[in-house]
Amino acid sequence: MKFDLKKFFFRKPKNELEGAEDAAPQPAEQPQPIPEKLAEKCEKCGQIVLSADLEENFGICPKCGHYKKLTPRARIAMCAEDFCELFADEESGNVLGFPGYDKKLADLREKTGEKDGVVCGTAAIGGMPCALFAMDYRFQMGSMGHTVGEKITKTFEYATEHGLPVVGFVLSGGARMQEGIVSLMQMAKTSAAVAKHGEAGLLYIAVLLDPTTGGVSASFAFEADIIVAEKGALIGFAGPRVIEQTIRQTLPEGFQRAEFLQEKGFVDRIVERKEMKDLLGALLKVHSPAAEVQP
Ligand SMILES: [Zn+2]
């Protein structure tokens, strides 16, 4: 038996609280919360950048000017006010029974906290009300499956019904392979909703982000009234490597970059990230019904 020196030499505790430490087991120490990431490595220049600096600088590397990809909610927070989410419960499963897709979806949902690759809702940009959607690079690089197509379609239908312009933050690697033909059908479905919105005389602004490719570039990305692109974004249908291998020719420098597309007339304007909110607000204001009646 262990000899208790304390009890032997010292007087008994005056009250039960003094001796409580011997009797009652102490509660286990609470696990410390993991501190927020303080610094991260820039994926372009490789330098370590403080997360706070990066956040303050609109996600732009202060050392080399590289645009870090933004989550849809960070993008919305940066460009809009009074965001009110719509169709948040929309989700679909493994429609074709593609092997391993259920697990992939579950993992992505847990990792991102989102149900699929797009966040939709209403908001105000520069005080102008609009409907908007923002795609999520973390969800298979914003690939378009049933849920993404359905939510974007519903956003346009909602905007048509309520007479709102739409601002779309577009980013996509293309159709979602695991949903096969169902994924490709979203191209026609979203296009029909965009057309109806346009027929109602409403404005649609697409903001093309890095990368905007595949089925999305062949549908709602390029169906907007005004197409702006974030500086340096890769925009195209098939990727440059696939094209080079197919046509067996070297592509010109800067091919499929936003600046190249603007030069060729596919993009109306290249926007710096810091100017995005002001530009969108101004565009919405100029095209609002109230602006039309002014002399
Ligand atoms: Zn950098």
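Modeller: Let's start with how helices and strands are named: they are DSSP runs, helices being H or I with at least four residues and strands E with at least two, numbered from the N terminus. This is a predicted model, so local features need pLDDT of at least 70 and side-chain atom pairs count only at pLDDT 80 or more, while totals for chains, interfaces and linings use all residues. Residues are numbered from 1 along each chain as its sequence is written, and side-chain values use heavy atoms, with hydrogens and water left out.

Biologist: Okay, which residues are the protein donors of the zinc ion?

Modeller: Donors are N, O and S atoms within 2.8 Å of the metal (3.2 Å for Na, K and Ca); water is not among the atoms, so sites may look incomplete. Here they're the SG atoms of C42, C45, C61 and C64, at 2.3 to 2.4 Å from the zinc ion. Along the sequence, their spacing reads C-x2-C-x15-C-x2-C. C42 sits in the loop between β1 (39-41) and β2 (48-50), and C61 in the loop between α3 (51-56) and α4 (72-79), so this pair ties together parts 19 residues apart in sequence.

Biologist: And what do the angles say about the zinc site?

Modeller: Four donors count as tetrahedral if all angles lie between 85 and 135 degrees. Ideally, four tetrahedral donors give 109.5 degrees. The zinc site has angles of 104 to 113° among its 4 donor atoms, and is tetrahedral.

Biologist: Now R273: buried or exposed?

Modeller: Buried means under 20% relative accessible area, exposed over 50%, and partly exposed in between (1.4 Å probe, protein chains only). R273 has just 2%, so call it buried. You'll find R273 in the loop between β9 (269-271) and α11 (276-286). Its side chain reaches the backbone oxygen of F58 at 2.9 Å, and that of K68 at 2.8 Å.

Biologist: How does helix α6 compare with its expected span?

Modeller: The expected span is 1.5 Å times one less than the number of residues. For the 17 residues of α6 (146-162) that gives 24 Å, and the end C-alpha atoms are 24 Å apart, which agrees. Buried residues of α6 include T147, V148 and F156. Just past α6, G163 has a positive phi of about 65°.

Biologist: Last one: what does G126 touch?

Modeller: Contact means heavy atoms within 4.5 Å. Skipping neighbours within four places in sequence, G126 contacts E81, G281 and K285. G126 lies in the loop between β4 and β5, and at 39% relative accessibility it's partly exposed.

Methods:
Four donors count as tetrahedral if all angles lie between 85 and 135 degrees; four count as square planar and six as octahedral if opposite donors are over 155 degrees apart and all others between 65 and 115; anything else is irregular. A polar contact is a pair of N or O atoms within 3.5 Å; within protein, one must be able to donate a hydrogen and the other to accept it, and residues adjacent in sequence count only if both atoms are side-chain atoms.
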